[in-house]
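Visitor: I am new to reading protein structures. Could you show me one and explain how its labels are earned?

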Amino acid sequence: MNIILLGPPGAGKGTQAQRLVEKHGMRQLSTGDMLRAAVKAGTPTGLEAKAVMERGELVSDAIVSALIGDELDSMGAESGAIFDGYPRTEAQAESLDSILEARGRKLDHVIELDVNEDALVERITGRFTCASCGKGYHDTFEKPQVEGTCDKCGGHEFKRRPDDNAETVRTRMAEYRAKTAPILPVYEVRGIVSKVDGMADMDEVTAAIEAILAK
Ligand code: AMP
């Protein structure tokens, strides 16, 4: 199965993707994660992407589509793919069609996480992750049970994304509205879009996604 999780920054795409990975052994293909890894490693892609990401703008279509193609090539044909943060433009949506077709895959579902944008700034600016295992937390909504210690791996170091600040978040939202939201109709005409209330409790969102996948 190949699915896209679509929604503005902070809608919960990453969290839900991680849950699908744990439950179904699918693979999460997050272009944001791939780009952050490239920035950290100082690769040519990372060097090109760093400043663009810090501004909250979109990295070039060619770069992210190449990352997605390479990642799919590194997976077994039997593994399902969850596209998280890709495609983000009409050009990327077209590339994804060719990328999937060339690999004998097809898109089964596009799941739109519907959220109230006003709530997203608080969600995003409060989030942090364990530096060792990547588990996600939030200053208000999901603190570690013991302050300073990761519930999952016991790690003591946490990190925040440099682009999770209020100013950059506003640019990221504007990019979503202008460039990403317009790709929904492309998938709607194919009859593969399902809308989920992304403001619901995280477990309810997961249950709603599971119900769509079981259809
Ligand atoms: P994310 O982790 O999905 O919020 O992505 C973080 C940042 O990486 C975005 O604000 C963009 O600068 C860049 N990025 C991630 N995915 C894409 C994409 N599909 N197209 C263009 N830029 C992307």
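Guide: Let us go through some strands and then the ligand; keep in mind that this is a predicted model.

Visitor: Why is strand β4 called largely enclosed?

Guide: A residue counts as buried when its relative accessible area is under 20%. In strand β4, residues 109–114, five of the six residues are buried, so the strand is largely enclosed by the rest of the structure.

Visitor: How do you know that β1 and β4 are paired?

Guide: Two strands pair if there are at least two bridges between them. Strand β1, residues 2–6, is joined to β4 by four bridges, and these strands run parallel. Because the definition asks for at least two, the pair qualifies with its four bridges. You can find one spot on the model where L6 stands opposite E112 in β4.

Visitor: What makes β4 and β8 a pair?

Guide: The rule of at least two bridges applies here too. Five bridges join β4 to strand β8, residues 193–197, and the two run parallel. Look for V110, which stands opposite V193 in β8.

Visitor: What makes β6 and β7 edge strands?

Guide: Three strands form an open sheet in the order β6-β5-β7, with antiparallel pairing. Within it, β6 (136–138) and β7 (158–159) each pair on one side only, and these are the edge strands.

Visitor: How do you know that β5 pairs with β7?

Guide: The definition asks for at least two bridges, and two bridges join strand β5, residues 127–130, to β7. The two run antiparallel, and C130 stands opposite F158 in β7.

Visitor: Now the ligand. What makes the approach of T31 a polar contact?

Guide: A polar contact is a pair of N or O atoms within 3.5 Å. A polar side-chain atom of T31 lies 2.8 Å from a nitrogen atom of the ligand, so the pair meets that cut-off. For Q92, an N or O atom in the side chain is 2.9 Å from a nitrogen atom of the ligand. For R161, a polar side-chain atom lies 3.0 Å from an oxygen atom of the ligand.

Visitor: How much of the ligand does the protein bury?

Guide: Taken alone the ligand exposes 480 Å², and the protein buries 96% of that.

Visitor: Which residues come nearest to the ligand?

Guide: There are 16 residues around the ligand, and T31, R36, E57, G85 and Q92 come nearest. The shell divides into six nonpolar, four polar and six charged residues. Helix α2, residues 31–41, gives the most to this shell, with four residues.

Notes: Residues are numbered from 1 along each chain as its sequence is written. This is a predicted model: local features need pLDDT of at least 70, side-chain atom pairs count only at pLDDT 80 or more; totals for chains, interfaces and linings use all residues. Side-chain values use heavy atoms; hydrogens and water are left out. Buried means under 20% relative accessible area, exposed over 50%, partly exposed in between (1.4 Å probe, protein chains only). A residue is near a molecule or strand if one of its heavy atoms lies within 4 Å of it. A polar contact is a pair of N or O atoms within 3.5 Å; within protein, one must be able to donate a hydrogen and the other to accept it, and residues adjacent in sequence count only if both atoms are side-chain atoms. Accessible areas come from the Shrake-Rupley method with a 1.4 Å probe; for residues, only the protein chains shown count as cover. Ala, Val, Leu, Ile, Met, Phe, Trp, Tyr, Cys and Pro count as nonpolar, Asp, Glu, Lys and Arg as charged, and the others, Gly among them, as polar.
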